[in-house]
Amino acid sequence: MDVSELLDSLNDKQRDVVAAPLQNMLVLAGAGSGKTRVLVQRIAWLMKVEQVSAHSILAVTFTNKAAAEMRARVEQTVAGNVHGMWVGTFHGLAHRLLRMHFQEAKLPQSFQVLDSDDQLRMIKRIVRSLELDEKRWPAKQFLWYINGKKDEGLRPQHIDSQYDVTEETFVKVYRVYQDTCDRAGLVDFAELLLRAHELWLNNPALLAHYQQRFAHVLVDEFQDTNAIQYAWLNLLAQKNGNVMIVGDDDQSIYGWRGAKIENIQRFLADFDGAKTIKLEQNYRSTANILNAANQLIGNNNNRLGKDLWTQGDAGEKISIYTAFNEIDEARFIAGRIAQWQQDKRALDQVAILYRSNAQSRLMEEALIQAQLPYRIYGGVRFFERQEIKDALAYLRLINNRDDDAAFERIINTPARGIGNQTLSLVRDAARSLQCTLWQACQHMMQNQQLKGRSAKVIQQFVHVIERLEDDSSHLDLDQQANYVIQHSGLKAMYQAEKGERAEARIENLNELVTACQTFEVDPELAEEQSPLTAFLTHAALESGESQADDYEPAVQLMTMHSAKGLEFPLVFIAGLEEGMFPSQQSVEDISRLEEERRLCYVGMTRAMEKLYLCHAESRRLYGQEKFHKASRFLRELPAECVEEVRLQNQVSRPKTKGKFSSTITLETFGDSGFKLGQNVRHKKFGDGVVLNYEGSGPQSRIQVNFADVGCKWLVVSFANLESI
Ligand code: ATP
Ligand code: MG
């Protein structure tokens, strides 16, 4: 693409950004206004017109997927090599720095990234070892506390807990946890950022080097940076005068993880002469979708304020579907997707978005039934699967014997008769010697502190790990992985499980070998880390976010959080109910409620052509049937942009709650003799309408909406329902 082409594809405001003189800039603009596009073109402009070397550009985005896409788009736009340019997430970039300067960062060369799952296990162990009551002190709370403090840049010694007994306990766990991680060479996600910041603070010469190198810094999704990320950026780039940040205060959805919208204002104060440019034309969505999203977000206070308009058509109205229950909701969505496919549209243009991952299961079932291929972003991701984590733990321990988290995971997997008693001895020894579990084993063996069976089984375990290393360390990465999977006993263990699940596990283990085969080491880090270390880091970072591989066009399922920055022609948002979305905890807290509303805005603005908003009148949650009102967000939409879905063969329900009346299809339920929508009478509950049916034989249950008492599930054989 030559320079004129580069500029031709932009509107006036966008062009002002791309072709701006070298300066600090804030691009503040709503969803779909081309922020990401402008950021990519600006990089191309810098290289082509300002003759900036790729080497001096640093670009930060929110997910690994976005980073890969950005690199590819820049490469395409400048039709050349972008070698030397740093593009990544804050976490990815911090990791790279720590790897390159592990000594200055006071880390062992073989340090490993600890994912959040292992982090939680580790904290659980510490809570137990400190003999805290786990009911009163759930490990999750410590996890939030520790990550929260790290996100603010605080170490235990920075926290004054003298007068607060509760805080004292939190700080104590934080301290023990950190010591354990340091001993084991483990770095959690929040620690990556904090340590990368400290690395620069403590090494002024190193900082000066990077300040000089990265003369051009660009950040996408800036509204979701937290305090430590901001501090890091500030340290690096405050002086260079060429920082471009793009963001949208209305899309700040990580406040719960410490993101601070105030960083936008801080940027304007901290970065000299920063110029604000607003983009207001939306290129993504139809006018109906855009107007509805604009009106929704208008209910929030304290917005930085911007108008968003589109030249596009009004398009179809937003469809609102009121389902009887969550199963009906999932079936409805699958049905509409099948129709989309019949209309010769591609499945990868479709996304189903929800508030929490737990909602995906029913959607999956409905999609499987309708034979529609789908892919889940988030949920149990490849690198988080049990068998994969087991295999990785072997590789991690081979790579770094001090990795306590890996040690705990596989010490008795597959079972080798190492019971809790033996393990407690090892843990106690590690605690009193202030060393790692592996070192404790060595120590106890040397000093013959282990007796009888315990001594034997621990010795065997140590042997297994050492043998695995000796026999595999000279192999290529994929062969090494294969060797370890075979000879650790993992493969045999999973084969013995039998059945479909076992088969899937074996397939996954094979897939891990393939992943090793196709893995490419970052050339800039090739000297600092072995391929194994590089791969293990990749696995830990990947598990922290949602990724999936693309081979077959498939419907995409994800939370609204992971949909950030993406766009799809057809979008469904499921579960728009009070207590679900907005979530129960947010209903009473205005700032949390506003964050939920922003999340809804993010969800809606992913849609290009058609948007469906769904809610269910009853939903089984945590084993209980709950009746939720339609989400307030639905009521906040302008009437002229929405329409209610009415299915064919409908009968109206006698009683409707809320604004959206419900309608149902006629369908006979197996051999129950009842039909959906049929009027029935119950001795105690009075008259009602049949809504749903499940199970078979004596277990079959029927759901009836009674005029007086509302919805109830009844066991058919006991209910004595009478048709009327
Ligand atoms: P979000 O806030 O959701 O991240 P964004 O502001 O980053 O959105 P982009 O993803 O960059 O927006 O752009 C949205 C869509 O509009 C993309 O498909 C992009 O290619 C298209 N687009 C942006 N600018 C133009 C333009 N000037 N002409 C045509 N299409 C454009
Ligand atoms: Mg974007």
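**Close-ups of an annotated binding site and ligand 1**

**View 1. Gly-30 sits buried in this predicted model.** Count the other C-beta atoms within 10 Å of Gly-30 and you get 26, so this glycine is buried, the cut-off being 20 or more. As for where that is along the chain, look at the loop that runs between strand S1 (25–29) and helix H3 (35–48). Skip the neighbours within four places in sequence, and the contacts of Gly-30 are Asp-248, Asp-250, Asn-282, Lys-306 and Leu-308.

**View 2. Lys-35, in helix H3, is buried too.** Here the count is 25 C-beta neighbours inside 10 Å, so Lys-35 makes the buried class as well. With neighbours within four places in sequence again set aside, Lys-35 is in contact with Val-27, Ala-29, Asp-220, Val-246 and Leu-279.

**View 3. The UniProt "binding site" annotation takes in both of these residues.** According to that unreviewed entry, the site covers Ala-29, Gly-30, Ala-31, Gly-32, Ser-33, Gly-34, Lys-35 and Thr-36. Of these, Gly-30 belongs to the loop between S1 and H3, while Lys-35 belongs to H3 itself.

**View 4. Ligand 1 has 18 residues around it.** Which of them come nearest? That would be Gly-34, Lys-35, Thr-36, Arg-37 and Tyr-283. Helix H3 gives the largest share of the shell, with three residues. Sorted by character, the shell holds nine polar residues, five charged and four nonpolar. Gly-34, Lys-35 and Thr-36 also turn up in the UniProt "binding site" annotation.

Terms used
Residues numbered from 1 in each chain as written. Chains lettered and ligands numbered in written order. Predicted model: local features only at pLDDT ≥ 70, side-chain atom pairs only at ≥ 80, totals over all residues. UniProt positions renumbered as here; feature names shortened; annotations may be inferred. Helix = DSSP H or I, 4+ residues; strand = E, 2+ residues; numbered from the N terminus. Buried ≥ 20, exposed ≤ 12 C-beta atoms within 10 Å, placed from the backbone. Contact = placed C-beta atoms within 7 Å. Near = placed C-beta within 6 Å. Nonpolar A, V, L, I, M, F, W, Y, C, P; charged D, E, K, R; others polar.
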